[in-house]
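Here's a quick run through the labels people put on a structure, and what earns each one. Have a look first, then we'll go question by question.

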Amino acid sequence: MKKILIALSGGVDSSVAAGIITKEYEAVGATMKLYCSSETDLRDAEKICNKIGIPFHLLDFEEDFKNSVIRDFIETYKNGGTPNPCIVCNKVMKFGKLLEAAGEFGCDGIATGHYANIEYRNERYCLKKAADLSKDQSYVLYGLTQEQLSKTIFPLGNMSKESARKYAEKLSFDNSDKKESQDICFVPDGDYFEFIESYTGEKFKKGCFKDKNGNVLGTHRGIIKYTIGQRKGLGLALPHPMYVCEKNIDTNEVILCTNEELFEKEVFVSEFNWVSIEKPNREFKASAKIRYNMKEQPCTVYPLADNKVKIIFDEPQRAITKGQSAVVYDHNYVIGGGIID
């Protein structure tokens, strides 16, 4: 690759990626203007481009973001799941729309500030964990195709967050000490229920909390307000702790259970993307995780038809949640991942 489009968010990670890339390639900077973009972030991104002397482009993808990321977010909640919008954003926006823009600017590929690595071996592009496992983002990148991986560079893959900040300080970047965003960008206060009702104009009806035997335990305030494994915020006075284990959209009921009843071994996954290997023709041993902030656990993976897999964990896992992603690993390599059914 000779010319690279650098995806800039206004944060320190993408800024450092830009600083590294411009030492090796001809580069242009680009920031996606999305539904959740702040003027501060857009200005910070442009400042970085001016600082390192590369062209800056502001790409208005707000409608695309609404029609893909936000739409999926809302529909997943309405269908009883709990979405991960960052995964959809990476797949559709950063490595979809942005790669298209790269071609329009005459670039051969893109660079981002993600903490992950790409390795080419056995005639295949493989996705690997970052050197700094505390910052590893391979979980949210499992949806990348071979073509997308072939046109992507992750300059921070072998850096720690601390070294990235020091690099930014060395280059006198104004955002070297800028705080990281911890929430979903379009729901900065974390109130997903309020966001969905406000965005859609739809009011979600109250319904019954029930136990597994069908006994009514109380009234919930709208079925999308709850997620599997939740205990706090139920608004119930119960004789012992109970947790959300099921949401019945058809009857508008939220089912509660004990903590012990939240554990399961088996999970079915759809839209599975095989990353570092081609789809095998038989089951195999691996490890997997069912949410971002957990350590992957030993399992057996059974490839199925129609881009589906079945995963059976060696030990039961807590609160397997529809709509989240299951990602399968072979040590540091991402074998693939998909959406939990």
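Q: Why is Glu271 called exposed?
A: Glu271 has a relative accessible area of 53%. The cut-offs are under 20% for buried, over 50% for exposed and partly exposed in between, using a 1.4 Å probe and protein chains only. So 53% puts Glu271 in the exposed class.

Q: Before going on, what kind of model is this, and how are residues and atoms handled?
A: This is a predicted model: local features need pLDDT of at least 70, side-chain atom pairs count only at pLDDT 80 or more, and totals for chains, interfaces and linings use all residues. Residues are numbered from 1 along each chain as its sequence is written, and side-chain values use heavy atoms, with hydrogens and water left out.

Q: Where does Glu271 sit, and what makes its phi worth a remark?
A: Glu271 belongs to strand E12, residues 263-274. Its phi is near 55°, which is a positive value in a residue other than glycine.

Q: Which loop holds Asn122, and what is its phi?
A: Asn122 is in the loop between strand E5 (117-121) and strand E6 (124-128). Here too phi is positive in a residue other than glycine, near 50°. Asn122 has 69% relative accessibility, so it counts as exposed.

Q: What makes a stretch of this chain a helix or a strand, and how many of each are there?
A: Both are DSSP runs numbered from the N terminus: helices are H or I with at least four residues, strands are E with at least two. On that basis the chain has seven helices and 17 strands.

Q: How do you know whether the chain is as compact as a globular protein of its length?
A: Compare two numbers. The radius of gyration, taken over C-alpha atoms, is set against the globule rule, 2.2 Å times the number of residues to the power 0.38. The chain comes out at 21 Å, close to the 20 Å the rule gives for 341 residues, so it is as compact as a globular protein of that length.

Q: What share of the chain is buried?
A: Buried residues are 51% of the 341.

Q: Why is the pair Glu119 and Lys128 called a salt bridge?
A: The term needs a side-chain nitrogen of Lys or Arg within 4 Å of a carboxyl oxygen of Asp or Glu. Glu119 and Lys128 have N to O at 3.1 Å, so the pair qualifies. Glu119 is partly exposed, at 24% relative accessibility. The whole structure has 19 salt bridges.

Q: What about Lys203 and Glu197: which one is buried and which is exposed?
A: Their closest N and O atoms are 3.5 Å apart, making a salt bridge. Lys203 has a relative accessible area of 64%, so it is exposed, while Glu197 has 9% and is buried.

Q: What does Glu197 touch?
A: Glu197 lies in helix H7, residues 192-200. With contact meaning heavy atoms within 4.5 Å, and leaving aside neighbours within four places in sequence, Glu197 is in contact with Glu202, Lys203 and Phe204.

Q: How far apart in helix H3 are Glu63 and Lys66?
A: They are three residues apart in helix H3 (residues 62-78), so about one helical turn separates them. Their side chains meet in a salt bridge at 3.5 Å, N to O. Glu63 is partly exposed, at 47% relative accessibility.
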